[in-house]
Amino acid sequence: MRFLIAVLVSLFSLSALSALAQTVPPPALAAKAWALVDHATGQTLADKDADARIEPASLTKLMTAYITFSKLKEGTLKADQVVPVSTKAWRMEGSRMFIEPNKPVSVDELIRGVIVQSGNDACVALAETIAGSEEAFAALMNREAQRLGMTNTHFTNSTGLPDPQLYTSARDLALLASAIIRDFPEYYSLYSLKEFTYNGIKQPNRNRLLYMDPSVDGMKTGHTSSAGYCLVSTARRGERRLISVVLGAASDTVRAQESLKLLNFGYQFYETVKLYSADEALSKFRVWKGKLNELPVGFLNDFALTVPKEAANKIQVSLESRQPLVAPLQRGQEVGTLTVAIDGKPLGQYPVVALQDVEVAGFFGRLWDAIVMFFKSL
C-alpha cells in the first residue's frame, strides 16, 4: 500500500518529532549539510543545516530532468524526437555523454545521458530544445522551483556548473526528488540504470549506492571542487521510501557511506503509521442552513505519519470543528482541525475537510436555522 498525506507537516511538528526521538539521536555525518525525508509523509527525520544555501553541482540536473519529464507528459516533447546539437552543447566542459553536431540524438538518449552519465552537453541540448536557450530554460527551472515550494533555490543553468547565483538547500533537493518520484513514476526507473552507452562510450552510473544496497533505486550524484561530493539517494524497503540528501562530503566514498548511514537510521528507528484511509469519516459536524444537518469529515487521501518506532502505540488525536459551518459546503473544503500528540506531547495540527457537498436548504430550513443560531449566540 502506498501511503499518502493530504497536508505538509509544519515546522512545529518537525521540532516536536525530533524531541520525541531524543533517545535515538541521528548520526553525525561527515558533510556540510544533510536531510532525511520520508517520501510518503514529507516529514524530515534528521537534518543539519537543511535550509542553508549551498552549491548543488550536478544535483541541478534533477530539475533539468523534472522539466523534461513534464514536457514529455504534456506532449510538447517526444521521446523519439531528434534533437540538433549546438556548438555550445558540444563544447560543454565537465562530465559529458559525447554528443556531436550533425549526429542525430534523441530526447530519450539525452535523458539517459543526463541521468546516468551526468552529461552537461546533454543538459544544454535539452534546455535549448525545450526553451530555445539555456537562459530561458533557467527561467523555467526557477518557476518550477517556486511552484514546488523550494524557497532556498535559484538556478542559472541546466548543468550545475559553478555560478555565484546558483544555489539550493538539502531540504529543497529532498522536495524536488520527492516530486520526481510522485509526478513521474513512469520515468523514475531511469535513475536505477547502472550504465549507459552512447557514441561507443560506456559510462557507469556514479551513484555507488546502486551497487552497495539493493533497496536503493536512485537518484543523483554531484561534484565540483567548490561544492564537494554530493548525493541525493532514495531507497524503498517494504512499503516505505526514504530520501537522503548529503551535501559537501570529502569524497565519492564518503558521500555514499554517509548517505547509507542516514538511510539505515531512518529505517531502523522510524515507522510510518496510517491513521485514516481516504474518505474515511472521522466524525460528523453540525451544518447550518443546509439540506443536510450533518457532514462527514476526514481526508481525501490516506493520512499517515512517520514516528519513532517506540511511539507508534502512543498516538493521540483530537478533532475540532470550525463552527458555525454554513451551507453551501464543497467536498474538499477545510472544515476542522485534527491535532495529533504522542504520549501527551503535541506533534502537529492538520486540516480536516468535507467529504461531500452540502447544498443550501430551502427558505424555511434556512429561516429555522437562522433563528436557532441567533439564540445560540446570545
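This passage describes a sheet with a helix packed on it, and a pair of helices in contact, in a predicted model.

In the sheet, 6 strands are arranged in the order E14-E16-E17-E12-E11-E15, and the arrangement is open, with mixed pairing. The edges are occupied by strand E14 (315-321) and strand E15 (325-326), each of which has a single partner strand, so that one side of each is left without a neighbour in the sheet. Strand E15 runs parallel to strand E11 (residues 283-288), to which it is joined by 2 bridges, and Trp288 is found opposite Val326 of E15. It is on these two strands, E11 and E15, that contacts from helix H11 (residues 363-377) fall as this helix packs on the sheet, and the direction of H11 makes about 100° with that of E11.

A further packing arrangement involves helix H2 (residues 61-74) and helix H7 (residues 170-183), whose axes come within 10 Å and cross at roughly 25°. Because this angle lies under 35 degrees, H2 is described as roughly parallel to H7, and the crossing in which H2 passes H7 is left-handed. On the H2 side, the contact is made by Leu62, Met63, Tyr66, Phe69 and Lys73, while H7 contributes Leu173, Leu176, Ala179, Ile180 and Asp183. Classified by residue type, the contact of H2 with H7 comprises 8 nonpolar and 2 charged residues, with no polar residues.

Terms used: Residues are numbered from 1 along each chain as its sequence is written. This is a predicted model: local features need pLDDT of at least 70, side-chain atom pairs count only at pLDDT 80 or more; totals for chains, interfaces and linings use all residues. Side-chain values use heavy atoms; hydrogens and water are left out. Two strands pair if DSSP finds at least two bridges between them. Helices (H or I, at least four residues) and strands (E, at least two) are DSSP runs, numbered from the N terminus. Contact means heavy atoms within 4.5 Å. Axes are lines fitted to C-alpha atoms, for helices over the stretch in contact, and angles run from 0 to 180 degrees between N-to-C directions. Angles under 35 degrees count as roughly parallel, over 145 as roughly antiparallel, 65 to 115 as roughly perpendicular and the rest as oblique. A crossing is left-handed if the near helix is turned anticlockwise from the far one by less than a right angle, and right-handed if clockwise. Ala, Val, Leu, Ile, Met, Phe, Trp, Tyr, Cys and Pro count as nonpolar, Asp, Glu, Lys and Arg as charged, and the others, Gly among them, as polar.
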